[in-house]
Every structure is written in C-alpha cells, then in structure tokens.
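Trainee: I would be grateful for a close look at a single part of this structure, namely the surroundings of the second ligand. Please set them in the context of the other ligand and of the strands.

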Amino acid sequence: MDKILVGLKRVVDYNVRVQVKSDGSGVETDGVKMSINPFDEIALEEALRIKERGDANEVVAVSIGTADSQQQLRTGLAMGADRAILVTVDEAPDPLSVARIFLSLAEKENAGLVMLGKQAIDGDNSQVAQMLGALWGRPQATFASGVTLDGDTARVIREVDAGLETVEVDLPAVISVDLRLNEPRYVKLPDIMKAKKKPLDEVALADLGIEAGPPIKELSFAPPEGRQRGIIVEDVAGLVTALKDKGLA
Amino acid sequence: MAKILIVAEHDGKNLNASIAKCVACASSIDGAEIDVIVLAAAAGDVAAQAAEIAGVNRVLTIERPENEHPVSSVLGPQVAALAGGYAYVFGPSTTFGRDLMPHVAALLGVNQVTDIMSVEGSHTFKRPIYAGNAIVTVEAPQGSTIVATVRVASYQAAAGGNSATVEPASVEADLPAHTRYVGLESAVSDRPDLQTAASVVAGGRALGSEEDFGLIYKLADKMGAGVGATRAAVDAGYCPNDMQVGQTGKIIAPDLYIAIGISGAIQHLTGIKDAGTIVAINKDEEAPIFEVADIGLVADLFDVVPELTSALES
Ligand SMILES: Cc1cc2nc3c(=O)[nH]c(=O)nc-3n(C[C@H](O)[C@H](O)[C@H](O)COP(=O)(O)OP(=O)(O)OC[C@H]3O[C@@H](n4cnc5c(N)ncnc54)[C@H](O)[C@@H]3O)c2cc1C
Ligand SMILES: Cc1cc2nc3c(=O)[nH]c(=O)nc-3n(C[C@H](O)[C@H](O)[C@H](O)COP(=O)(O)OP(=O)(O)OC[C@H]3O[C@@H](n4cnc5c(N)ncnc54)[C@H](O)[C@@H]3O)c2cc1C
C-alpha cells in the first residue's frame, strides 16, 4: 500500500474537567489545554508501525480546523508522520462534512487506509469513520483493538459489546481505533526539530468544493445534573445496614 | 403522525434488551407510529420478541443470508432504502448502533444525533458531550430524516404484552462483499449481562491481579450481580474488555453500583451517572469516587470485600 491518511483532531485535553459557560452558550475553551484526540494518537501510532513494517510508504496526518490545529499536526509530524495537511475552516464542521473532506483527500491521495479515532472526546459523536465508509463505498472496521495486514486485505479485531469480533476487509478501507490497540510513542526533542522541516500544506475547505451537510444546531448547553455526596459508613456492618435501608440487600 | 423506524439489534435468536429502550424513547415523540425492522438470515424468533413490545405498530423483516452477521456496510444500504417512508430512524447506542447508524445517516446525506438522552420536541433532543460534562440541546434540520442513536441508559424498557403484526419487507439494495465477518470471541458467563443487570459490582486497578479480581466475581455472584471494571483493570489484563464501564466502554444504569478500588476518573464516572445507588470502597478518603457515592466506605478492599461477601451470605 502506498499511503495511509490519519485524522488528528485538536480537542480539549482529556485531563481537563470541562465547564459549561454560565450563559449556556457553550463550554469554556479559553486558556484550556488542547491536545490531539487520544484515539487519533493511537491511530497515528498504528499507521507508523504499519509503515515501519514495510507495509506502507507514506503516512499523511490530516486535521480540519483553524490555524491552531497546526500545533497538533506538528506533534504528529514529530511522532513520525511524513507530511501533514490542514484543511482550514472558519467554523467547526459537522461530522458529515468532515467525512466528505476525508473522502475527497482519500481519493486525491489514493489512500490505502484511512485511520481515525473511534470517537472525538469533545463531541463524542463517533460518526466520521462510519460515514466515510458509507460515502467511499469501502469497508469500515470500527473500534479496532487489533490490525493485521495481509496483502490487499486487513484482519481487524473489533471491541464490541459482546466481546471481540474479527472481520476481514479488502483495502482500501477505513479503520477507527479503540484505546487498547497500542501505546503511542513519546516524542523526543530531536524529532520536534526535524518535524519543523516536514511539509505541512494548508488547503481551504472552499477549495475542496465540499458542501456542508445540514448541520445539527447546538441550541444551548447545561452542566449535567450533579450527584450529591452521600454518607460515609464506618465498617462493613454499617454498609450492610445502609444497603438494607435502601432495600438493596 | 410521526413515523419512526427502529433497527433491531439481535444475535440471530434474541432481541437485544436495548431495543425496548429505543421504543420507550421513540414513544416520547408526539404522534409516534413505531415500526421495528429485523434484518436477519432467519428473522422469526427475533421478530416475535419485537412484536411483544408495547408501542410497536409493525415489525418488518428482511431475511437474506448476507444478514446473518451485523456487518454495517451490508445492513446500512437496506435500512437506508427503507428509511424513505420514515421521519425518524433510530438505533441503540450500543456498539451495533454506533457502527451502523452513522453509515445510514451518511447514505441519507444527514448528520446523526448521537446518544439521545431526552426528546424535547419533534426536532430537539438532549445529548451528552465531553464525557457527559456538558449536556447540549440540539436541533435537527427540518425537512430531512432524523437519524439517531438512543442513549439506552437514559430509558426504562417499554413494557411487553403487545402483539404487533409481523410482515416481510423487501428493498432494492446492492450489498458489498468487501467486508467479511470472521467470528466473535465472547467470554461465556452465567452472570447477568452488565448492560441490563439490576446490580453491578465493579473493580479497578487496586485489585492488582487477575487472581485477586476473583474477589469481585465472588461478591457479584453472592449478590446475583453483573461485573464491571475500569479501563485500568482491563488494560492490566485482570478481566476481559467487554467489562469496561465508562466513556469508551459501556454506559450503564443499574439500581446498585458497587465501585471497589476505583478512583472515579471522569471517563469512568460518565458510565455510571444514571445508577440508582453508588457504593464506593476505597482506602483513600480523598478519592473522587466519594464525591458521587451515596454510600462510602474508606477501607482496604482486601479486608472488607471478603467480609462483605460473607456478611451478605446470612
Ligand atoms: C465549539 C464547537 C461547536 C460546534 N458546533 C456544531 C454545530 O452547531 N453543529 C454541528 O453539526 N457540529 C458542531 N460542532 C462540531 C461537532 O461537534 C464535531 O466536533 C465535528 O462534527 C466532528 O465530529 P466528532 O469530532 O465528534 O467526530 P467523531 O466521529 O467522534 O470523530 C471520529 C474521528 O474522526 C476524525 N476527525 C473528526 N474531526 C476531525 C477533524 N476536525 N480533524 C481531523 N480529524 C477529525 C478523528 O480521527 C476522530 O477521532 C462543534 C464543535 C465545537 C468544538
Ligand atoms: C480517552 C480516554 C478514555 C477513557 N475511557 C475510560 C473508560 O471508558 N472507563 C474507565 O474506567 N476509564 C477510562 N479511561 C481511563 C481513566 O482516565 C482512568 O485512568 C481509569 O478509570 C482509572 O482506573 P482505576 O480507578 O481502576 O485506577 P486508579 O485511578 O489507579 O485508581 C485506583 C484506586 O484504588 C484505590 N486503592 C488502591 N489500593 C486499594 C486497596 N487495597 N483498597 C481499596 N482501595 C484501593 C486507590 O486509592 C485509587 O483511588 C479513559 C482515559 C482516556 C484518556
């Protein structure tokens, strides 16, 4: 296979406890730490391992966002991606548009694999990979915790509710990755220096000729209903009594 | 009238418990008229179970050998072809629905509403984002089919006792052969299913080994409870992956959840927010799990869990 495209979405870091703005217009993202979506880091790691085993020639990191996403692409380049593409947008695009962007790039680059995260931890939509599979008319192997390539096919182990499902797919294909697929590598300082010289191309969404899907409007945001701190019992006997009081034991 | 199509999840024999919850969600839409579609190699048993759910108008079946296993690129075009006659197409927020429904949405040229927690109006819904740290009210566009997954932990199953009509449907759809189902490896267990169990006992990293995770099974078995785990416990190999509870595992809503040796990371808590009573056993009184626990016990699990197991015996 020639190329693997990897999606790297810029999201609020997973350690940040996200707060809803007091006027309900959104969540507070000013001054908050931003990172690569953790699933996307795993997708990139897997793509790099595939290339290192000699099963692919080039790994291309793709992000859709504002100029700020260059930061995540540079990190991806430092991890080992060969080059990066930033598709610039003014507003956060809907999942269908993101899938259409990946379709356009996959066709243009003649990608053998598109590797994405199983979900972005901000929107928690878990849609893009499945939509791309549908639009491209190619296999979608989602929630992957194992990927083995064999010529023009891939065997993917999927984490499903009932356990581990194995599917075999023809390439080209879309794979969305789960957390247990691998442990992403750490970026070393010399790699960061080297990454500065790697190509990072920008293309405007308008130049790809993509029509935005009918978006789902976000009307208002609210914090979740909180749970209250309850009682502390002294010992097992106290616990059993408390459970009995609630009719639970 | 609002015509709603619900895609049945099943294993060839049994209808998944999530479907009665999707029906409950769909029933909360004004003027709901609900059909369930069963795609299978042989749909009989599953269709009969779906027909019993209160609120179901018709059960449609499409029987094809290709439908033996849930491959979304095979099921998707058939669902999309049927969707024309419906204002809404719903599936559960299980891995089945999460894989299939966005595929259907893309074929119909719409975005999906992921994880409906409540129906606010004909086109407005509440859904969680940022691991449940924010709830957003969204509005789907007018004039196109609404494709959605239902956050099953937010709904009580619709009652039984119905006898809806079952009828075959047929659609024209080209089915690809590029994706082949190979097999499913599932931990065989007599314990109640994690996603539907009334009580769940869950263990975290503190259990320290696969062997000691046995303490969790023992307590669960005494209580007739299902078993859950944190990502840390699964990653460390103490228990199988299908036990993971949380943002990227299962979202559950048992009446009772007992968290043992679990710190209470946001990603874990998002999976148990709707539990009735949360009990936490942790030796660190500062552990965040105590902020959400209804009953807390600050203690070493290796001392108190065996004691609790035998206390419940009597
Ligand atoms: C503040 C804010 C407001 C928004 N408002 C709206 C709105 O009003 N209406 C609306 O429809 N959407 C809105 N969105 C966008 C929406 O919430 C999603 O962020 C976007 O549609 C993509 O979905 P997802 O990332 O949740 O997809 P998922 O399907 O969860 O992502 C799966 C994978 O796709 C890839 N991917 C997704 N997005 C990108 C990207 N940008 N770059 C590279 N790879 C990517 C990644 O590999 C990711 O792991 C808003 C987003 C934000 C942050
Ligand atoms: C993108 C992403 C997604 C994630 N998704 C999930 C998910 O779906 N589900 C999930 O669970 N996690 C998820 N995580 C991981 C999550 O952030 C935490 O790392 C994980 O939940 C911690 O598991 P734990 O509570 O078992 O371990 P720890 O945080 O290590 O906690 C162990 C606890 O045990 C207590 N303890 C230790 N010894 C004893 C003893 N002898 N007796 C009593 N108590 C003891 C300690 O005080 C501590 O509080 C995700 C992380 C990321 C980045």
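Mentor: A backbone N or O atom of Val245(B) comes within 2.8 Å of a nitrogen atom of ligand 2. The model is a predicted one, and the distances that follow are computed from it. Thr230(B) contributes through its side chain, with an N or O atom lying 2.6 Å from an oxygen atom of ligand 2. A polar backbone atom of Gln247(B) is 3.2 Å from an oxygen atom of ligand 2. On its own, ligand 2 exposes 990 Å², of which the protein buries 86%. Three elements of chain B give two or more residues each to the shell: α6 (231-235), α7 (266-269) and α8 (301-311).

The shell around ligand 2 consists of 28 residues, and Arg205(B), Thr230(B), Val245(B), Thr248(B) and Ser263(B) are the closest. By class, eleven are nonpolar, twelve polar and five charged. The site is shared between chains, because residues from both A and B surround ligand 2.

Ligand 1 offers a second site to consider. Its surroundings comprise 26 residues, the closest being Lys9(A), Asp40(A), Gln127(A), Ile216(A) and Glu218(A). Backbone atoms figure in several of the contacts listed here: an N or O atom of the Pro93(A) backbone lies 2.8 Å from an oxygen atom of ligand 1, and for Val128(A) a backbone N or O atom is likewise 2.8 Å from an oxygen atom of the ligand. For Ile216(A), a polar backbone atom is 2.7 Å from a nitrogen atom of ligand 1. The protein covers 82% of the 950 Å² of accessible area that ligand 1 has by itself. The shell residues comprise twelve nonpolar, nine polar and five charged. In chain A, β4, α3 (95-109) and β6 (113-117) each supply at least two of them.

Strands β4(A) and β6(A) also belong to an open sheet of ten strands with mixed pairing, in the order β11(A)-β5(A)-β4(A)-β1(A)-β6(A)-β10(A)-β7(A)-β8(A)-β9(A)-β11(B). Its edges are β11 (200-204) of chain A and β11 (179-185) of chain B, each pairing on one side only. Neighbouring strands are turned by 30° against each other on average, direction ignored. Within the sheet, β7 (140-150) and β10 (173-177) of chain A run parallel and are joined by three bridges, with Ala141(A) opposite Ile175(A) in β10(A). Helix α2 (70-79) of chain A lies across β4 (58-65), β5 (83-88) and β11 of chain A, at about 165° to β5(A).

How values were computed: Residues are numbered from 1 along each chain as its sequence is written. Chains are lettered from A and ligands numbered from 1 in the order in which they are written. This is a predicted model: local features need pLDDT of at least 70, side-chain atom pairs count only at pLDDT 80 or more; totals for chains, interfaces and linings use all residues. Side-chain values use heavy atoms; hydrogens and water are left out. Two strands pair if DSSP finds at least two bridges between them. Helices (H or I, at least four residues) and strands (E, at least two) are DSSP runs, numbered from the N terminus. Axes are lines fitted to C-alpha atoms, for helices over the stretch in contact, and angles run from 0 to 180 degrees between N-to-C directions. Contact means heavy atoms within 4.5 Å. A residue is near a molecule or strand if one of its heavy atoms lies within 4 Å of it. A polar contact is a pair of N or O atoms within 3.5 Å; within protein, one must be able to donate a hydrogen and the other to accept it, and residues adjacent in sequence count only if both atoms are side-chain atoms. Accessible areas come from the Shrake-Rupley method with a 1.4 Å probe; for residues, only the protein chains shown count as cover. Ala, Val, Leu, Ile, Met, Phe, Trp, Tyr, Cys and Pro count as nonpolar, Asp, Glu, Lys and Arg as charged, and the others, Gly among them, as polar.
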